Structure formats: C-alpha cells, structure tokens
Amino acid sequence: LIHPDDAPTVRAALAAAEASPGVAISLAFRLADAASTWWPVAGVCVNHLGDPAISALVVTLHMSSHQAG
C-alpha cells in the first residue's frame, strides 16, 4: 500500500510518465509491508506503453532508507 499522504505525488508521477514516453520520472513515497510498517522507497517510472514487447508503465524502486516509519 502507498501511504495516503503520498498518493497524490505518486499519481502525479504516473501521469507525468504516461504523458512522456521513454522519459524516466523520479518518484519517492512510503510503502507498507505486511506488518503495516511504512518504508521509504524511491525510484523511477518509465512509459513503455508504445513498445509492444512491454506495453506497460515500468516502475523500478529501491529502499531509500533502512529506517521504517
């Protein structure tokens, strides 16, 4: 789950990626694990919808801190 406070930022990043094929759009937000602990993550979203072999928005994330919130 994406933290509710971060949802507008994530939606904006996905919309920006959708409008800009091939451009890496940075994003950072908090993601919940199965125990409902919030973890900060960061990464990029790239629009590959026009590539028939992929046909998706590809999001690559990594932990941006070892501290949970």
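How much area does the protein chain expose, and what share do carbon and sulfur atoms supply? The protein chain exposes about 4400 Å², and carbon and sulfur atoms supply 61% of it; accessible areas come from the Shrake-Rupley method with a 1.4 Å probe, and for residues only the protein chains shown count as cover.

This is a predicted model, in which local features need pLDDT of at least 70, side-chain atom pairs count only at pLDDT 80 or more, and totals for chains, interfaces and linings use all residues. Residues are numbered from 1 along each chain as its sequence is written, and side-chain values use heavy atoms, with hydrogens and water left out.

**View 1. The whole protein chain follows the pattern α-β-β-β.** Here you can find one helix and three strands; these are DSSP runs (helices: H or I, at least four residues; strands: E, at least two), numbered from the N terminus. Of the 69 residues, 23% count as buried, meaning under 20% relative accessible area (1.4 Å probe, protein chains only).

**View 2. Strands S1 and S2 pair in the antiparallel sense.** S1 covers residues 25-32 and S2 covers residues 38-47, with eight bridges between them; two strands pair if DSSP finds at least two bridges. Look for Leu31, whose bridge partner in S2 is Trp39. Five residues lie between the strands of this hairpin, where Ser36 takes a positive phi near 65 degrees.

**View 3. S2 also pairs with strand S3 in the antiparallel sense.** S3 spans residues 57-63, and seven bridges join S2 and S3. Follow Val46 across to Val58, its bridge partner in S3.

Note on methods:
Buried < 20%, exposed > 50% of the residue type's maximum accessible area, 1.4 Å probe, protein only.
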